[in-house]
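Student: Please take one short part of this model and look at it closely. Then place it in the rest of the chain.

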Amino acid sequence: MVKSQILLHLDTDALPSVFDRVVAVDAGVEHIFSYSGVTPTNVMALVHGCIFTRGPADLKSTAIFIGGSDVAAGDALLVAVQKHFVIDFGLTVSVMLDSNGSNTTAAAAVLAASRHLDLKSAKSLILGGTGPVGQRCARLLAEEGGLVRIGSRTIDRAEAICDAIRVQVPKANVEAVATASSNDAPDALDGCDLVIAAGAPGVVLLPKRHRVNCKSLKVAIDLNGVPPEGIEGIGLGDKAKNRDDMHCYGALGIGGTKMKVHKAALGELFLRHDATLNVTAIYAIARTI
Ligand SMILES: NC(=O)c1ccc[n+]([C@@H]2O[C@H](COP(=O)([O-])OP(=O)(O)OC[C@H]3O[C@@H](n4cnc5c(N)ncnc54)[C@H](OP(=O)(O)O)[C@@H]3O)[C@@H](O)[C@H]2O)c1
């Protein structure tokens with residue numbers, strides 16, 4: 001008898017994400033068990049509950065999803081989860097990480113940029129680059145090979161993210177830029193082909209005059225869906241819309257692809273019992289959509 005699908009939803013926050021539960025339901029997952037406040041030190045019993053209840057042949061019907069607002073905590077939890085697998089006996093389940101939607105949103109944003117730019121040589125600026133989504137955009141762009149500037153109001157925070165990306169992507173060409181106010185935008189944007197605004201909701205990070213004055217800019221992506229816009233003048237629903245001689249994307253223009261990527265990745269989890277879907281694997285799924 002085919003076992004029903006179970007998604008073990010492990011959230012590093014105090015409350016499990018409603019968003020992630022709704023998407024799992026809409027992706028057709030049959031049962032979702034959500035646990036919050038999950039850390040590397042309390043996760044062992046939860047993992048054992050997955051791998052010791054069904055025989056190896058049925059383990060592809062159980063999978064783990066890691067969420068929460070802190071992507072570094074999510075990465076640490078992923079390592080801990082997989083440490084408790086019993087690989088020699090095939091006792092593993094597939095795992096997906098998408099803290100704050102970071103991997104699926106970054107995959108959708110970078111996919112959009114790749115339609116207009118050669119990312120091997122493109123120069124990019126990520127505004128709000130220290131949040132989960134910005135970090136993952138920066139990492140994917142660094143993996144592609146171009147120069148990536150990570151913007152933050154605090155240069156030390158941007159430097160810390162650059163250091164973390166250099167560990168994850170040894171060939172990364174990343175640099176930190178201070179973007180404490182919009183007056184810093186012209187220098188930060190200088191020579192850039194791509195700007196992605198990944199700042200907190202409802203915060204304008206790039207005024208229109210600075211975007212329009214940057215003559216090298218070919219693609220502008222605003223991920224903030226809460227008015228006012230993160231990049232002034234970009235429409236929420238823009239999807240490769242030409243504005244001021246650049247291709248513009250708004251939060252909904254990216255969000256549609258993000259939802260497809262998220263659901264496709266959940267579907268992939270149940271095809272095998274040993275998939276690891278972190279940012280690079282999720283981007284690979286996005287490229288097939
Ligand atoms: N379109 C979609 O499908 C989609 C999906 C998921 C998320 N999103 C959106 O993507 C954006 C990024 O998400 P996230 O979770 O990574 O965001 P976040 O962690 O809330 O914020 C990202 C960064 O914004 C900066 N920031 C915070 N408050 C600020 C302020 N008042 N002024 C200027 N900068 C400020 C901070 O960087 P520093 O302190 O280092 O400056 C922070 O690290 C959000 O707007 C989110 O709603 C969109």
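Tutor: Start with one bridge: A220 stands opposite C248 in β11. The model is a predicted one, where local features need pLDDT of at least 70, side-chain atom pairs count only at pLDDT 80 or more, and totals for chains, interfaces and linings use all residues. Numbering runs from 1 along each chain as its sequence is written.

β11 covers residues 246-249. Helices (H or I, at least four residues) and strands (E, at least two) are DSSP runs, numbered from the N terminus. Two strands pair if DSSP finds at least two bridges between them. In general, strands of a sheet pair through backbone hydrogen bonds, either parallel or antiparallel.

β11 has partners of both kinds. With strand β9 (residues 219-222), β11 pairs in the parallel sense over three bridges. With strand β10 (residues 239-243), the pairing is antiparallel, over four bridges. On that antiparallel side, R243 stands opposite M246. β10 and β11 form a hairpin with two residues between them. D244 sits in the turn, with a positive phi of about 50 degrees.

Now the faces. In a regular strand the side chains alternate between the two faces of the sheet. In β11, M246 and C248 lie on one side, H247 and Y249 on the other, and all are buried. Buried means 20 or more other C-beta atoms within 10 Å of the residue's own; exposed means 12 or fewer, partly exposed is in between, and C-beta atoms are placed from the backbone.

M246 leads on to L217. L217 touches M246, and also L189, C192, D193, V195 and R211, not counting residues up to four places away in sequence. A contact needs C-beta atoms, placed from the backbone, within 7 Å. L217 lies in the loop between α8 (208-213) and β9. L217 counts as buried because it has 23 C-beta neighbours inside 10 Å. S181 is 36 residues from L217 in sequence and 20 Å away in space, C-alpha to C-alpha.

Next, the ligand. 25 residues surround the ligand, and the closest are G128, G131, S152, A200 and G255. Here near means a C-beta atom, placed from the backbone, within 6 Å. α5 (132-144) and α9 (251-269) are the elements that give two or more residues to this shell. α9 supplies the largest share, four residues.

Another sheet is worth a look. Five strands form an open sheet in the order β2-β1-β3-β4-β12, with parallel pairing. Its edge strands are β2 (31-35) and β12 (276-277), each pairing on one side only. Five bridges join strand β1 (residues 6-11) to β2. One bridge sets H9 against S34 in β2.

Finally, the whole chain. The protein chain has 10 helices and 12 strands. An automatic or database domain assignment sets the domain bounds. They give domain 1 (6-97) and domain 2 (105-255). The domain centres, taken over C-alpha atoms, are 31 Å apart. Buried residues make up 49% of the 289 residues. Of contacts with a separation of 6 or more, 71% join residues 24 or more positions apart. The C-alpha trace spans about 60 × 35 × 35 Å along its principal axes.

Technical notes
Two residues are in contact if their C-beta atoms, placed from the backbone, lie within 7 Å.
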